[in-house]
Every structure is written in structure tokens, then in C-alpha cells.
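Me: I have a structure to go through with you. I will ask for the reasoning behind each label.
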Amino acid sequence: MFRETAAFRVQMTLVFHKIAEKEGLQVSEEEYQERLGSVAADYGYEDTSDVEAVYSRAMMEEELIQEKVINLIRNHAVIS
């Protein structure tokens, strides 16, 4: 069961990255800093450097890219 879940997550990550690449979606420094501040506030960290000690930049950028791709799909979806 864990293998299937892991395989699915890897496939989804690859699909998100391919869509982001094709659509030119990137994470700006401003977006990263906003997320960093938001996570710090949400989890009670005193400083954003404390967040960076726990969560890698790559991890947060991955989350932001996935959100951008999901929003892109949602905004262009035609539901019938």
C-alpha cells in the first residue's frame, strides 16, 4: 500500500513539474518570503530563520509550485 502511495505521489510531482515548466510557472523570491512569514506566523516561530531550520526552501517551493499548478487547472477547467 505504501509503495502505491509513494509511486502516485512521485507521478503527481512529475506531472506538476511538467505543467509548471510548460506554463512557465516559477516561485519568486517574494512568494517564497511570503510563505516563509506565513508558516512562521501559523506555527508560532519567532523568526523566519527558525522555519528555514525545519523546512527546506525546496520543500516550500515545491508546495508553492503545486498550488500554482492546481490553481491553473482549476481556473481553466470546464465542468459540464
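Me: What makes the reach of helix 2 close to the one expected at 1.5 Å a residue?
Reply: The model is predicted. Helix 2 covers residues 29-43 and has 15 residues. The expected span is 1.5 Å times one less than that number, which gives 21 Å. From first C-alpha to last, helix 2 reaches 21 Å.

Me: How do you know which side of helix 2 is buried?
Reply: Buried means under 20% relative accessible area. Tyr32, Arg35, Leu36, Val39 and Ala40 of helix 2 are buried. They cover an arc of only 135° around the axis, so they sit on the same side of helix 2. Helix 3 (48-54) and helix 4 are among what covers these residues.

Me: What does the face of helix 2 turned away from the buried side carry?
Reply: That face carries Glu30, Glu34, Ala41 and Asp42, which are exposed. Exposed means over 50% relative accessible area.

Me: Why are helix 1 and helix 4 called roughly perpendicular?
Reply: The axes of helix 1 (residues 2-23) and helix 4 (residues 57-76) cross at roughly 70°. The label applies from 65 to 115 degrees. Helix 1 and helix 4 therefore count as roughly perpendicular to each other. Their axes come within 9 Å.

Me: Which residues make the contact of helix 1 with helix 4?
Reply: Helix 1 brings Thr13, Phe16, His17, Ile19, Ala20 and Glu23. Helix 4 brings Glu62, Ile65, Gln66, Val69, Ile70, Leu72 and Ile73. Eight of the contact residues are nonpolar, three polar and two charged.

Me: What phi does Gly24 take just after helix 1?
Reply: Gly24 takes a positive phi of about 70°. Just after helix 2, Gly44 has a positive phi of about 75°.

Key:
Residues are numbered from 1 along each chain as its sequence is written. This is a predicted model: local features need pLDDT of at least 70, side-chain atom pairs count only at pLDDT 80 or more; totals for chains, interfaces and linings use all residues. Side-chain values use heavy atoms; hydrogens and water are left out. Axes are lines fitted to C-alpha atoms, for helices over the stretch in contact, and angles run from 0 to 180 degrees between N-to-C directions. Helices (H or I, at least four residues) and strands (E, at least two) are DSSP runs, numbered from the N terminus. Angles under 35 degrees count as roughly parallel, over 145 as roughly antiparallel, 65 to 115 as roughly perpendicular and the rest as oblique. Contact means heavy atoms within 4.5 Å. Ala, Val, Leu, Ile, Met, Phe, Trp, Tyr, Cys and Pro count as nonpolar, Asp, Glu, Lys and Arg as charged, and the others, Gly among them, as polar. Buried means under 20% relative accessible area, exposed over 50%, partly exposed in between (1.4 Å probe, protein chains only). The arc is that of the directions from the helix axis to the C-beta atoms.
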